[in-house]
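Got your viewer open? Let's take a walk through this one, stop by stop.

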Amino acid sequence: MSDFSNVPSTFPTALSDGQALADDGTLYNSVQTAENNATDYIFIAPGTFNESVKVTTNGLKIMGSGEGTLIDSSTASAVGITVEASNVTVSNLSVTAGDDGINYVLGSDNARVENVTIVDTANTGSGIVLNDDNNIVYN
């Protein structure tokens, strides 16, 4: 189970729509850029982020603000969120993808997915793909 003890208990009020806050204290206009700079957590404000996100940071917690936070990779025909790390939590957001919504690749165990809505995937895509052990999905 993920440890949220070092994550602030309330969503940051300084975030504007379309921004992501990494634990380095910087606001980013891209979830991928926030992931590239985060070591522990990312808060994502409401808005549509037209990008595909690759997570390579072990133990990262990615927290949206609910269904108003959308990762949309449908125009790129790509996976919405690809996780290539262990102990990664994705929560409180929606994904529209040109392929799989969220794909935890082989070796990315202890996945946790909470309150995630897969809005749409391409004809060949899957909603959430879990390829390893000890995974938890909550809705």
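First stop: where does G68 lie? Select G68 and you'll land in the loop between strand 6 (61–63) and strand 7 (69–72). Keep in mind as you click around that this is a predicted model.

Stay on G68 for a moment. Is G68 buried or exposed, or something in between? G68 counts as partly exposed because its relative accessibility is 44%, and the partly exposed class runs between 20% and 50%. Now show what sits around G68: leaving out residues up to four places away in sequence, G68 touches P46 and G47. Add I44 to the selection too. I44 is 24 residues from G68 along the sequence, and their C-alpha atoms are 9.9 Å apart.

Next, step into strand 7. Color T69 and I71 one way and L70 and D72 another: T69 and I71 point to one side of strand 7, L70 and D72 point to the other, and all four are buried. That fits the general pattern, in which side chains of a regular strand alternate between the two faces of the sheet.

Which strands pair with strand 7? Select strand 4 (residues 47–49), which runs parallel to strand 7 and is joined to it by 3 bridges. Look for T48 there, standing opposite L70 in strand 7. Then select strand 9 (residues 89–96), which also pairs with strand 7 in the parallel sense, over 3 bridges. Here the match to find is D72 opposite T96.

Now hop over to helix 1 (residues 31–37) and pick Q32. Q32 counts as buried because its relative accessibility is 17%, and the cut-off for buried is under 20%. Which residues does Q32 contact beyond its neighbours within four places in sequence? Show E51, S52, V53 and K54.

For a surface stop, go to I128 in strand 12 (residues 128–130). With 32% relative accessibility, I128 counts as partly exposed. Add L130 and V137, and turn on the surface: together with I128 they make a nonpolar patch of about 210 Å².

Finally, zoom out to the whole protein chain. There is 1 helix and there are 13 strands, in the order β-β-α-β-β-β-β-β-β-β-β-β-β-β from the N terminus. The chain has 139 residues, and 50% of them count as buried. About 6400 Å² is exposed, with carbon and sulfur atoms supplying 43% of that area. As for contacts with a separation of 6 or more, 46% are between residues 24 or more positions apart.

How values were computed: Residues numbered from 1 in each chain as written. Predicted model: local features only at pLDDT ≥ 70, side-chain atom pairs only at ≥ 80, totals over all residues. Heavy atoms only, no water. Patch = residues over 30% accessible without salt bridge, like charges linked within 9 Å, V, L, I, M, F, W, Y side chains within 5 Å. Areas by Shrake-Rupley, 256 points an atom, 1.4 Å probe, with all protein chains shown as cover. Salt bridge = Lys/Arg side-chain N within 4 Å of Asp/Glu carboxyl O. Helix = DSSP H or I, 4+ residues; strand = E, 2+ residues; numbered from the N terminus. Buried < 20%, exposed > 50% of the residue type's maximum accessible area, 1.4 Å probe, protein only. Contact = heavy atoms within 4.5 Å. Pairing = 2+ DSSP bridges.
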